[in-house]
Amino acid sequence: MTNVLILDDHPLIVNGIAHYLHDKDDIDVVGKAYSLTETMQLLQKQNVDVIISDMHLEGERSGIDLLFHVKQNYPYIRVIFYTMVEKSSEVREAVLAGAEGYILKRYDADEVYKAIRIIQANKIYYSPELVHILVRLPASAAQKDEQPEALKSLTPRELEVMTLIAYDTPIAKIAEKLSLSESTINSHRTNLMQKLGVRSSVGITHFAFKYGLIDRNLL
């Protein structure tokens, strides 16, 4: 059982995630907070495994301050940011500060649940749109294997497509998700195979897993 605390200054977000996770047999929502102060108080009272937090809280310090506090005082707790913030500098700051997950709010609570499962298996999870930021961080901040030049040469869009292909997402679904045509997605797939030196989607998947962009448990 994973004990989850949810923090956001918008009650609709907190209650929506809590309601969704309530139906999951492996999740127990042990706290709902709307401020850093409430969160600090709950951490003293509750046994928490994972915190789901926004990056920006109205009238308060950022989620990074919470992250630093948690890593210093509760190093066993994992932190997932669920936020609208996708500015490169802030994503990098969160990753380098030790956030195990970073999900954009364009995704629903199902994505949050997926991230919880992944990070509880000692992995990291970031929305596909953020992979282009992740691969430009020092390898120690995100994955163990040294990043090859081929990976660094990929465009942000190619990284998105690669991640979705690696998760066995059908071409039609990728096109719908990214608001592109299927022919455009197929062109990206062809470019990926050429740049990565592989011959199929299986090769793309293997490459993505090797360099820490996906979790094999979800394949």
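This passage walks through the fold of a predicted model, beginning with its overall make-up and then turning to individual residues.

The protein contains 12 helices and 6 strands. Half of the chain is shielded in the sense used here, with 50% of the 219 residues counting as buried. Contacts also reach across the sequence: among those with a separation of 6 or more, 63% join residues that are 24 or more positions apart.

A convenient place to start is the sheet. Its 6 strands form an open sheet in the order 2-1-3-4-5-6, and their pairing is parallel. The edges are taken by strand 2 (27-33) and strand 6 (125-126); each has a single partner strand, so one side of each is left without a neighbour in the sheet. In general, the strands of a sheet pair through backbone hydrogen bonds, in either a parallel or an antiparallel way. One of the pairings here joins strand 4 (residues 78-83) to strand 5 (residues 101-104), which run in the parallel sense and share 4 bridges. Within this part of the sheet, Ile 80 is placed opposite Gly 101 of strand 5.

Helices lie across these strands. Helix 3 (residues 63-73) lies across strand 1 (2-7), strand 3 (50-53) and strand 4, and its direction makes an angle of about 170° with strand 4. Helix 5 (residues 109-119) lies across strand 1, strand 2, strand 3, strand 4, strand 5 and strand 6, running at about 160° to strand 4. Helix 4 (residues 88-97) can be described through its buried residues, which are Glu 90, Val 91, Ala 94, Val 95 and Ala 97. Just after helix 4 comes Gly 98, with a positive phi of about 115°.

Thr 2 gives a closer view of strand 1, the strand in which it is found. With a relative accessible area of 11%, Thr 2 is buried, because the limit for that class is under 20%. Its side chain makes a polar contact with the side chain of Gln 120, at 3.5 Å. Beyond its neighbours within four places in sequence, Thr 2 is in contact with Asp 26, Ile 27, Asp 28, Asp 49, Val 50, Ile 116 and Gln 120.

Aromatic side chains come next. A pair of aromatic rings is described by the distance of the centres and the angle of the planes. The model has 2 aromatic pairs. In the pair made by Tyr 74 and Tyr 76, the ring centres are 6.4 Å apart and the planes stand at 90°, so the arrangement is edge-to-face. As for accessibility, Tyr 74 is buried, at a relative accessible area of 15%, whereas Tyr 76 counts as partly exposed, at 49%. Another tyrosine ring, that of Tyr 113, has the charged end of Lys 24 sitting over it, 4.8 Å from the ring centre.

Further along the chain, His 188 belongs to helix 11 (residues 182-196). His 188 is buried, with a relative accessible area of 15%. Leaving aside its neighbours within four places in sequence, His 188 touches Arg 157, Glu 158 and Val 161. Although His 188 and Val 161 are 27 residues apart along the chain, their C-alpha atoms are separated by 7.1 Å.

Two loop residues deserve a look for their backbone angles. Most residues other than glycine have a negative phi. Asn 122, which is not a glycine, has a positive phi of about 65°. This residue, Asn 122, is found in the loop between helix 5 and strand 6 and is exposed, with a relative accessible area of 61%. Ser 179 likewise has a positive phi, near 55°, and is a residue other than glycine. Its place is the loop between helix 10 (171-178) and helix 11, where Ser 179 counts as exposed at 65% relative accessibility.

Definitions and conventions. Residues numbered from 1 in each chain as written. Predicted model: local features only at pLDDT ≥ 70, side-chain atom pairs only at ≥ 80, totals over all residues. Heavy atoms only, no water. Phe/Tyr/Trp six-rings, centres within 6.5 Å; stacked < 30°, edge-to-face > 60°. Buried < 20%, exposed > 50% of the residue type's maximum accessible area, 1.4 Å probe, protein only. Lys NZ or Arg CZ within 6 Å of the ring centre and 35° of its normal. Pairing = 2+ DSSP bridges. Helix = DSSP H or I, 4+ residues; strand = E, 2+ residues; numbered from the N terminus. Contact = heavy atoms within 4.5 Å. Axes fitted to C-alpha atoms, helices over the stretch in contact; angles between N-to-C directions. Polar contact = N/O pair within 3.5 Å; in protein donor to acceptor, adjacent residues only side chain to side chain.
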